[in-house]
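Hi there,

Here is the structure I promised to pass on. Have a look at it first, and my notes follow underneath.

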Amino acid sequence: MHAALKLINRRFQQAQPGATGSPGTPLAPAATFTYLPGTTALVLDSPHSGTRYPDDFGSACDLPTLRRAEDTHVEKIYDFAPALGVAWVEAHFPRIYLDANRDTTELDTTLLDGEWTEPISTDPRVLSKVRLGKGLIWKFTDEGEPIYNRLLGVDEVRARIDRCWRPYHGAVQQAIEAAHARHGYSIHINCHSMPAVAASHATDFPGLVHADFVVGDRDGSTASPALSALVCEHLRERGYSVEHNHPYKGVELVRRYSNPAGQRHSIQLEINRRLYMDETTLAQHPEGMARLRADLRALVDRLLTTDPR
Ligand SMILES: [Zn+2]
């Protein structure tokens, strides 16, 4: 699976828009993700920084509206990581097209034009994201604007899952398994960013002014408390304000592949966008970027010498 994923990735990477092919030969679809295998116990993934908007999206919103849902530039903040032997998985599909940080059972079936025959969650806690319009396929933007003025085909949604969700999750799982097999433990950081202030329809805490960082381990269930404390402490030592599990506890990607008792640790790390970008123009703040990169590089260095056992 490892080799196959790399192969798939390489094939897609060669077929980016602008690549030349034989006349009349349709290009293969653009890559939906990148997976760079590592050599260390550390795995980083960025599920929400994708900016390749597929032609079949069929959204009613314009591109600037859709782009507000991205964790823009997160992949650039961590671009030092692969050279350190850290495994790296990055989604290229936009989060508002399919949210990889959800289970496939978190689907709002009122979006569909037909019957969904696969399992759907009935757990009210799991469905809290669906109620906000933020399930596997989003219904509303963070500002409460409907994303579609049409119903989605059942096959259309299945195709998104097959093309985006399955390979992305396969890569994250493979990276964690490989890290754990090599070292007897794995540390997975699920990389995100958040707006300075929670929007009206984004979370259960509209209008909340966010800290600089939010460290999430689903109330201690996805990573050892000592490891989460180390991450919080590292960031506080550098002058940042840090919240732990509020308002973001971590979602599917830290839940699904973690098992702290079995030395598989997963932590969600949310960075406040005001630290590194203009949220209206999406332009980077070069100084903020440089500082964040240095501080997160130091965190990664520290985690590379941390054995949580
Ligand atoms: Zn995110």
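To start with a small puzzle: which residue in β3 is the bridge partner of Phe 33? The partner is Ala 91. Please keep in mind that this is a predicted model.

That pair belongs to the contact between β1 (residues 33-36) and β3 (residues 87-91), two antiparallel strands joined by four bridges. β1 shows two faces: Phe 33 and Tyr 35 lie on the covered one, while Thr 34 and Leu 36 are on the uncovered one. In general, side chains of a regular strand alternate between the two faces of the sheet.

β3 also pairs with β2 (residues 42-46), this time in parallel, again through four bridges. Here Ser 46 stands opposite Glu 90 of β3.

Now for the wider picture. The open sheet has seven strands, ordered β1-β3-β2-β4-β7-β5-β6, with mixed pairing. At its edges are β1 and β6 (242-244), each of which pairs on one side only. On average, neighbouring strands are turned by 15 degrees against each other, ignoring direction. Helix α5 (residues 154-183) packs on this sheet and touches β1, β2, β3, β4 (186-194) and β7 (264-272). The direction of α5 makes about 170 degrees with that of β3.

A word on confidence before you set anything up. The chain has an average pLDDT of 91, and 90% of the residues score at least 70. Residues 1-24 stay under 50, and the model has 28 contacts beyond four places in sequence for them. Where pLDDT is low, the predicted coordinates should not be read in detail.

Best wishes

Notes. Residues numbered from 1 in each chain as written. Predicted model: local features only at pLDDT ≥ 70, side-chain atom pairs only at ≥ 80, totals over all residues. Buried ≥ 20, exposed ≤ 12 C-beta atoms within 10 Å, placed from the backbone. Pairing = 2+ DSSP bridges. Axes fitted to C-alpha atoms, helices over the stretch in contact; angles between N-to-C directions. Contact = placed C-beta atoms within 7 Å. pLDDT = per-residue confidence, 0-100.
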